[in-house]
Amino acid sequence: MREVLKDLVEAVEAGHTVGLGTVVRTFRSAPRPAGASMMVDAGGLAVGSVSGGCVEGALYELATDVAQDGKPVLQRYGISDDDAFEVGLTCGGIIDVFVEAVSKQTFPELPLVAAEVDADRPVAVVTVIEHPDPAWLGRHLVVHPDGFEGSLGSDRADHAVSDDSMGLLAAGRNSTLMYGPDGERRGDGMRVFVASFAPQPRMLVFGAIDFAAAVAKQGSFLGYRVTVCDARAVFATKARFPVADEVVVEWPHRYLQAQLDAGLIDARTVICVLTHDPKFDVPLLEVALRHDVAYVGAMGSRKTHDDRLDRLREAGVSDVELEKLSSPIGLDLGSRTPEETAVSIAAEIISLRWGGKGGRLSGLAARIHHVPLADAAHEDQHGHEDRAGEAG
């Protein structure tokens, strides 16, 4: 919903009823992740996308009808047996799209969601997408770390779903959850979709060198909030790193520790250490490897890497902690230039995030998209069928 939120709020606040379609489940090679949305406003303007063009025409008609009659629909789109290019997904994937009518009456908490997102505060929107009682369909719960607003239909359901949604929000994940009709944890009949609006994940780039400029560009392109940090003021300047959200002059380990103490580092944070200088690297990696972050990579040759490991062990870093370190940094792409190296680093981050192996897709016979281990475990616990996505 994030990509259409501004237009959605403007239309609803103007008193209009909008047709909104949101991808709530994906199977196989779906083109867009769970959380991708498309809205059709009162004037017939379509904003957003759920499939990159494959089913938007059919969804446009459905969203228009739902906006008029107010009856939510859970629609599945896959390959059409009659004509795969007419309505189906040519990529061979399958998506479930929940289509609802959004107005001041159906979603009074929408301005609250927009305000939280604008303020960069974490918030999740829970929507009932399946229920034996049609009156529950389309009801919303707005969940944040301190509580929730709205109601799905009962106190039991509200508290059970909000508790689980907080876990998804903390991880910045979208997913479907299944319960009994009244929120029973052991049961089925009610399915909800949780859309998490978490602040941008962070990329911390240490070492104000040419490679850092290229890595910062890649990080920004991938949606990270990028910080470049170096103790040398002559190199750490905004002019050299215009793409970075912030450029900090500070000893790397001091900056990282201060960010940890302030609660500004989470499990989605990626850390790229590019200084390959022991006086910077070792104190910094001592801090980084002892905390729960998504990725810690360090640049350097094999010889530099071996020397770095010896120094870290002497500093008391355990072998278990050292296993978190990606060094030499990046995937083996044969990179030569800073830009090519930045691509290899970005590729490694993506591979670790989604469980990819880094090989050529042309040589694979198995499915292309992977389910991250954490998501797979969560699906097993809750009986999910879908591939969960990151926060929209």
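**Entry 1: the sheet**

I started with an open sheet of 5 strands, which has the order 3-2-1-5-4 and antiparallel pairing. At its edges I found strand 3 (46-48) and strand 4 (73-77), each of which pairs on one side only. I looked up the twist as well: ignoring direction, neighbouring strands here are turned by 20° against each other on average. A reminder to myself: this is a predicted model.

Next I went into the pairing of strand 1 with strand 2. Strand 2 covers residues 37-40, and 4 bridges join it to strand 1, the two running antiparallel. Which residue of strand 2 is the bridge partner of threonine 22? I found serine 37 there.

Then I checked what packs on these strands. Helix 1 lies across strand 1, strand 2, strand 3 and strand 5. Against strand 1, helix 1 runs at about 145°.

**Entry 2: the cores**

I looked for nonpolar cores. The largest has 27 residues, and Met1, Leu8, Leu110, Val113 and Phe197 have the most contacts inside it. I listed the elements that each supply at least two residues of this core: helix 1 (5-13), helix 3 (110-118), strand 1 (18-27), strand 5 (94-102), strand 6 (123-130) and strand 10 (190-197). Which element gives the largest share? It is helix 1, with 5 residues.

I clicked on methionine 1 to see its neighbours. Leaving out residues up to four places away in sequence, methionine 1 touches Leu8, Leu20, Gly35, Ser37, Val125 and Phe197. Ser37 I had already met as the bridge partner of threonine 22.

There is also a second, separate core of 24 residues. Leu204, Val248, Leu256 and Val282 are among its members. As a general point, nonpolar side chains in soluble globular proteins tend to be buried together.

**Entry 3: alanine 160**

I picked alanine 160, which sits in helix 4 (residues 155-171). Is alanine 160 buried or exposed? Its relative accessible area is 8%, so I put it down as buried, the cut-off being under 20%.

For its contacts, I again skipped residues up to four places away in sequence. That leaves Tyr179, Gly183 and Arg185 touching alanine 160. I also took the C-alpha to C-alpha distance from alanine 160 to tyrosine 179: 8.9 Å in space, for 19 residues in sequence.

**Entry 4: a hairpin**

I moved on to strand 7 (residues 140-144) and strand 8 (residues 147-150), which run antiparallel and are joined by 4 bridges. How many residues lie between the two strands of this hairpin? I counted 2 residues between strand 7 and strand 8. Histidine 144 has glycine 147 in strand 8 as its bridge partner.

**Entry 5: cysteines**

I searched the whole structure for disulfides and got 0. I then looked up two cysteines by number. Cysteine 229 has a relative accessible area of 1%, so it counts as buried. For cysteine 272 the value is 0%, so cysteine 272 is buried too.

**Entry 6: the whole chain**

Last, I noted the overall figures. The protein has 11 helices and 17 strands. It has 392 residues, and 47% of them count as buried. I got an accessible surface of about 18,100 Å², with 51% of it belonging to carbon and sulfur atoms. Among contacts with a separation of 6 or more, 58% are between residues 24 or more positions apart.

Terms used
Residues numbered from 1 in each chain as written. Predicted model: local features only at pLDDT ≥ 70, side-chain atom pairs only at ≥ 80, totals over all residues. Heavy atoms only, no water. Core = buried A, V, L, I, M, F, W, Y, C linked by side-chain atoms within 4.5 Å. Buried < 20%, exposed > 50% of the residue type's maximum accessible area, 1.4 Å probe, protein only. Contact = heavy atoms within 4.5 Å. Pairing = 2+ DSSP bridges. Axes fitted to C-alpha atoms, helices over the stretch in contact; angles between N-to-C directions. Areas by Shrake-Rupley, 256 points an atom, 1.4 Å probe, with all protein chains shown as cover. Disulfide = S-S within 2.5 Å.
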